[in-house]
Amino acid sequence: MKSITKLQKSTVLLVMFYLLLLSPLFFYIWVFDRPELPIFLMIPLYSFWIVTMIMDMRITLSIKSLIVLHESNIIFRNLYAKYKPFIAITIQLLIETSFVVVIPSLIFPRDSEIKLFFDYQTSAIPAGVIGVIHLLAWYSNRKIIQIINDN
């Protein structure tokens, strides 16, 4: 049986591997001046991010000791220790949304006649990437819960 630390290390390595695989997408966006993404690609990327974030939150909050002892997101673990769960979740959602929406728009500014607060096309790819990270975190939490239940 795997120990929890080995499981966490393998999850971190898996996340790094997926980010390495997805880095050519960022390079493509950077070099080719952020091509227009059609709506049939943007909606699934944003939806995937939201669904996997909810899945990750539900399984993380299902066992309170999981957050304190095994949560890989250091920011959320510290927020949860300092504040009530609702406040910690709200702050985490604001931080994550700023990573997805605001930061890509600042890094990859788009010259267009319509100036929005954020560029929803540029932000769709980071939303998908963070969705993959949430999916991996959900899977890791599920494995940790199985290990806890077996012991």
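Angles under 35 degrees between helix axes count as roughly parallel, and this cut-off bears on the packing of two helices in the present structure, which is a predicted model. Helix α2, spanning residues 39–62, packs with helix α6, spanning residues 120–150, at an angle of about 30 degrees, and the two helices are therefore roughly parallel to each other. The axes of α2 and α6 lie 7 Å apart, and the crossing of these helices is left-handed. When the residues that make up the contact of α2 with α6 are sorted by class, 18 are nonpolar, nine are polar and two are charged.

Helix α2 itself comprises 24 residues and extends 34 Å from its first C-alpha to its last, which is close to the 34 Å expected at 1.5 Å a residue. The buried residues of α2 are Met42, Tyr46, Trp49, Thr52, Met53, Asp56, Ile59 and Thr60.

As regards the overall arrangement, the protein chain contains six helices and zero strands, so that, in the notation adopted for secondary-structure elements, the order from the N terminus on is α-α-α-α-α-α. Of the 151 residues of the protein chain, 34% count as buried.

A pair of aromatic rings is described by the distance of the centres and the angle of the planes. The count of such pairs in the structure comes to one, and this aromatic pair is formed by phenylalanine 76 and tyrosine 80, with a centre-to-centre distance of 6.0 Å and 45 degrees between the planes, an arrangement classed as tilted. Both residues belong to helix α4, which covers residues 74–82, and because phenylalanine 76 and tyrosine 80 are four residues apart in this helix, they are separated by about one helical turn. With buried taken to mean under 20% relative accessible area, phenylalanine 76 counts as buried because its relative accessibility is 7%, and tyrosine 80, with a relative accessible area of 14%, is therefore buried as well.

A further local feature concerns two prolines. Proline 104 lies in helix α5, which runs over residues 85–107, and, with a relative accessibility of 5%, proline 104 therefore counts as buried. The C-alpha atoms of proline 104 and proline 126 are separated by 7.6 Å, although these prolines are 22 residues apart along the chain.

Definitions and conventions
Residues are numbered from 1 along each chain as its sequence is written. This is a predicted model: local features need pLDDT of at least 70, side-chain atom pairs count only at pLDDT 80 or more; totals for chains, interfaces and linings use all residues. Side-chain values use heavy atoms; hydrogens and water are left out. Axes are lines fitted to C-alpha atoms, for helices over the stretch in contact, and angles run from 0 to 180 degrees between N-to-C directions. Angles under 35 degrees count as roughly parallel, over 145 as roughly antiparallel, 65 to 115 as roughly perpendicular and the rest as oblique. A crossing is left-handed if the near helix is turned anticlockwise from the far one by less than a right angle, and right-handed if clockwise. Ala, Val, Leu, Ile, Met, Phe, Trp, Tyr, Cys and Pro count as nonpolar, Asp, Glu, Lys and Arg as charged, and the others, Gly among them, as polar. Rings of Phe, Tyr and Trp (its six-membered ring) pair if their centres lie within 6.5 Å; planes under 30 degrees apart count as stacked, over 60 as edge-to-face and the rest as tilted. Buried means under 20% relative accessible area, exposed over 50%, partly exposed in between (1.4 Å probe, protein chains only). The expected span of a helix is 1.5 Å times one less than its number of residues.
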